[in-house]
Amino acid sequence: MAEENAFSFSLSAHPLALGFFLGFRLAALLTYIFGLIFTSNFVLIFIIVVLLLAADFWNTKNVTGRLLVGLRWWNESSPNGDSIWVFESADPQRVINGTDSRFFWTVLYSTPVIWGLLALLAILKFELIWLSLVIIAVILSATNAMAFTRCDRFGKANGIANSMLARSSRGLMQRFAGGLISRVYGG
Amino acid sequence: MDTRTVVGDQIQDRRFAGGDTLDEPVWDTLMRDVRAVGRRVKEVLRPKVDASIDAESGQIVREWDLWGPLIFCLFLSLALSISAPAQQSSLVFSGVFAFVWIAEALVTLNIKLLGGSISFFHAICILGYALFPLVPGAIFSIIVKNMLIRFPIDTVLIGWSLFASMRTLKGAGVREGRVVLAMYPVWLFYGWLGWLCVIT
C-alpha cells in the first residue's frame, strides 16, 4: 500500500524538475507514435523528436539527476587526448526524497526499454527511415540509464529494480502456473 | 577520487564534497552551457591565427559539447531537403543527417587509428562546429538556383570550414608524415557537403 502512494507528485521534493523530466520523455514518445496522425511531414516530426530527445538528454543529465538523486556524470578531455568519464555522487548526508528516487529510477530504466520495443516494431514493419530516429532515442536514453547506474554503484537503483522485477514476475508466474496446474489436474 | 583506465578511457568516481554547482539553479546550468556554445562557435570560426591565444582557445574547445554540431547538422539537412525535389525531400533530409554523423565518426576514427592524440568527442565537436559556414551556403542554394553563382561561393565556404577545422585540430597530434593522411578525409567531408549545396 505504501508503494502505490509513493508515486504521487505531492510527495516529491522537486515537483517541477520531476514534471520536466517526465514531460520531455513523454513528449518525445508521443510525438513519435502519434505524429503521423497530425502531419504527413516526416522531416518535421524527425526534427521535433530529435530536439525533444536532445532536450531530454541534457535535462536528465544536468538537471534531473542532480536535483532528484544527487548524482552527476560527464566527460572531460585531457590535454593529451584521453577521455575521462567522471561519475559524481553526492554527500551521503544529503537527504534524497523517496518519491523522487522511485520516480527517477523507474522512468530512467523503462524509457530505453520502450524505445527498444519501438525499434523492434520499426524493424518488423520495415520502416527503416523511422528506425534511424528510434536508434537515436535508444542510444540517448540508454546512455543516461547506464551512466546513472554507474554513478550509483552502491545505492538504491539495484534495490528498486530488483523489487519491481520480483513483484511483477511473481504475479505473472502465479497466474501462469496456477492456470497450468488447474488445467492439468482439474480435468 | 579513484581513477581507473578502461579501453584507453579513464574513469573517475568522485564524491561531491561541497561547492555550489550540485544545487545550483537550473537557469545557471542552462546559461552556462548556452554561453559555452556561443564561445565555441566564435572560437572555431575565428580567422585570426595568433599563437599566443592558442593555448586558451584550445582549452575552450577541449570542453566539448555536441549542441553546435546537432543544430548545424539539422539546419544543413533541412536546407538541403527544402531545395530538393518534393518526393525526395525526406530521403535527402535523413540521408544528409545520417551522412554527417557517420562521416564525422569515421573521420575521427581515422584520426585516432593514425595515432592521433585527440579525444573522440573533442574531434567530433570540432568537425561539427566547423560545419557552420556551410549552413548559409545551403540556405543560399534555396534562393539562388544558378549553379555557376553557387559554385564560387560554396568553394569559399568550404575553404572557411576547412581552415577552421584544420586550425583547431592542429594536426591532432598525429606523426609528421601522416598529417595529410589524417586530414584528407576532412577535406572529403566538407568538399562533399559543399558539392551537395552546389548541385541541389
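These are my notebook entries on a predicted model with two chains, A and B.

**Ground rules**

I number residues from 1 along each chain as its sequence is written, and letter chains from A, with ligands numbered from 1, in the order in which they are written. Since this is a predicted model, local features need pLDDT of at least 70 and side-chain atom pairs count only at pLDDT 80 or more, while totals for chains, interfaces and linings use all residues; side-chain values use heavy atoms, with hydrogens and water left out.

**Entry 1: the two chains**

I began with the secondary structure, taking helices (H or I, at least four residues) and strands (E, at least two) as DSSP runs numbered from the N terminus. Chain A has 6 helices and 2 strands, and I read its order as α-α-α-β-β-α-α-α. For chain B I found 8 helices and 2 strands, in the order β-β-α-α-α-α-α-α-α-α.

Next I looked up burial, where buried means under 20% relative accessible area, exposed over 50%, and partly exposed in between (1.4 Å probe, protein chains only). Of the 187 residues in chain A, 42% are buried; of the 200 in chain B, 46% are.

I then checked contacts, meaning heavy atoms within 4.5 Å. Among the contacts in chain A between residues at least 6 apart in sequence, 71% join residues at least 24 apart.

**Entry 2: where A meets B**

How many residues of each chain are in contact with the other? I noted 39 in chain A and 38 in chain B. The area buried between them is about 3,400 Å², with carbon and sulfur atoms giving 57%; buried area here is the accessible area (1.4 Å probe) that two parts lose on being put together, summed over both. W58(A), R66(A) and W85(A) supply 18% of what chain A buries against chain B, more than any other three residues.

I looked for salt bridges (a side-chain nitrogen of Lys or Arg within 4 Å of a carboxyl oxygen of Asp or Glu), and the rule finds 0 across this interface. Polar contacts are pairs of N or O atoms within 3.5 Å; within protein, one must be able to donate a hydrogen and the other to accept it, and residues adjacent in sequence count only if both atoms are side-chain atoms. I found 2 residue pairs of this kind between the chains, both at pLDDT 80 or more.

Which element gives the most to the side of chain A that touches chain B? Helix 3 of chain A does, with 13 residues.

**Entry 3: the core**

A nonpolar core is a set of buried Ala, Val, Leu, Ile, Met, Phe, Trp, Tyr and Cys residues joined through side-chain atoms within 4.5 Å. The largest one has 66 residues, and Y32(A), W115(A), L131(B), L134(B), Y190(B) and L193(B) touch the most other members. Helix 3 of chain A brings its largest share, 10 residues. Beyond its neighbours within four places in sequence, Y32(A) is in contact with residues including V49(A), W115(A) and W130(A).

**Entry 4: two residues I stopped at**

Is R25(A) buried or exposed? R25(A) counts as buried because its relative accessibility is 5%. This arginine lies in helix 2 (residues 15-38) of chain A, and a polar contact of 2.9 Å joins its side chain to that of D56(A).

F126(A) sits in the loop between helix 4 (98-124) and helix 5 of chain A. F126(A) has a positive phi of about 60 degrees although it is not a glycine, and it is exposed, with a relative accessible area of 66%.
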